[in-house]
Amino acid sequence: MNEMNDLGVEFRFGIPAFRLVLPPGWTTHLPTNAGQQEDVRKASAIFMQAGRPDLDAEFRTMMAQANQGMRRTKVFAIYRQEDVPMEELLPLSITASALDAPDGENLDAWVTETFRARGAVFLDENLKHIVRWSTEAKRPAGAPAIDGVGGRTVTYIIPVPGTLRRKALVFTSTIVIPDGDVIPAEVLDGIELLSDAMISTFAWEQLAEEPAVPDMAGQTPTPGS
């Protein structure tokens with residue numbers, strides 16, 4: 001299913017129209033308080049019906065953390081599953097946000113540093129306008145639930161054409177691992193591959209993609225270089 005952001009996103013955040021192909025069962029949500037409360041209510045009913053109060057608690061924690069993050073960043077869309085069978089529900093959600101460089105600067109140095117410090121790579125040899133990296137997180141021992149949820153985060157950076165890399169679109173995929181659950185590495189990797197596949201369908205509606213870091217266009221940086 002093709003999804004496209006509206007003109008309001010460009011007006012408020014400076015992100016031009018783009019398209020993203022979502023798998024069946026995935027929908028776009030707006031990051032409003034009312035929308036978030038409705039999402040929590042629907043998800044809670046599903047989890048409780050399935051006899052999984054633990055997932056209900058983790059989802060509420062994830063949403064609380066997401067709300068905290070959205071207050072600090074320019075998040076304008078959330079992508080996740082809806083109305084799918086419980087056995088097909090994945091612990092994955094994706095947010096889209098705008099990132100601006102400080103006045104008079106661009107994002108080149110910061111994006112270049114992600115290759116060295118965060119192990120970033122181009123999403124694909126043919127997709128050098130998308131830089132991605134992943135990180136693992138664990139809840140601190142003995143910490144309250146709101147202090148963290150274990151899981152994996154995948155970040156994708158896409159420069160906005162025509163801004164001289166002063167603005168970027170950021171997709172953040174969050175894979176949540178409930179406390180006590182052991183998710184095999186191959187399952188986590190499979191969910192991450194699904195995330196990569198969705199982001200690889202990204203395309204600007206009326207603009208041509210620009211390399212994330214122009215001087216790297218002819219080579220693939222390696223971590224530590």
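These legends accompany four close-up views of a predicted model.

**View 1. The surroundings of Asp-196 in helix 5.**
Welcome to the first close-up, where the residue to find is Asp-196, placed in the helix that spans residues 185–200. Is Asp-196 buried or exposed? Its relative accessible area is 15%, and because buried means under 20%, Asp-196 counts as buried. Once neighbours within four places in sequence are set aside, Asp-196 is in contact with Leu-123, Arg-132, Val-154 and Tyr-156. Arg-132 is thus one of the contact partners to pick out when looking around the Asp-196 side of this view.

**View 2. The cavity and its lining.**
How many cavities of 30 Å³ or more does a search of the whole structure find? The search finds one, and the volume of the largest cavity is about 40 Å³. Around the largest cavity you will find Leu-107, Val-111, Ile-157, Pro-159, Arg-165, Lys-167, Ala-168 and Ala-212. Two strands each supply at least two residues of this lining: strand 8, covering 151–159, and strand 9, covering 167–176. Sorted by class, the lining has six nonpolar and two charged residues, with no polar ones.

**View 3. The buried and exposed faces of helix 4.**
Helix 4 covers residues 108–117, and its residues Asp-108, Val-111, Thr-114 and Phe-115 are buried. Seen down the helix axis, the buried residues fall within an arc of 125°, so they line one face of helix 4. What does the face turned away from the buried side carry? There you can spot the exposed residues Ala-109 and Ala-117. Val-111 links this view to the previous one: Val-111 is buried in helix 4 and is also among the residues lining the largest cavity. Just after helix 4 comes Gly-119, with a positive phi of about 70°.

**View 4. Positive phi values in the loop between strand 8 and strand 9.**
Some background for this view: most residues other than glycine have a negative phi. Where is Leu-164? Leu-164 sits in the loop between strand 8 and strand 9, and its phi is positive, near 55°. Arg-165 lies in the loop between these strands too; although Arg-165 is not a glycine, its phi is positive, at about 60°. Arg-165 also takes us back to the second view, as one of the residues that line the largest cavity.

Conventions:
Residues are numbered from 1 along each chain as its sequence is written. This is a predicted model: local features need pLDDT of at least 70, side-chain atom pairs count only at pLDDT 80 or more; totals for chains, interfaces and linings use all residues. Side-chain values use heavy atoms; hydrogens and water are left out. Helices (H or I, at least four residues) and strands (E, at least two) are DSSP runs, numbered from the N terminus. Buried means under 20% relative accessible area, exposed over 50%, partly exposed in between (1.4 Å probe, protein chains only). Contact means heavy atoms within 4.5 Å. On a 1 Å grid over the protein atoms alone, a cavity is a set of points where a 1.4 Å probe fits but cannot get out, and a pocket is an open set with protein on both sides within 12 Å along at least five of seven lines; lining residues have an atom within 4 Å of a point. Grid points are joined across faces, edges and corners, and a volume is the space filled by probe spheres set on the points. Ala, Val, Leu, Ile, Met, Phe, Trp, Tyr, Cys and Pro count as nonpolar, Asp, Glu, Lys and Arg as charged, and the others, Gly among them, as polar. The arc is that of the directions from the helix axis to the C-beta atoms.
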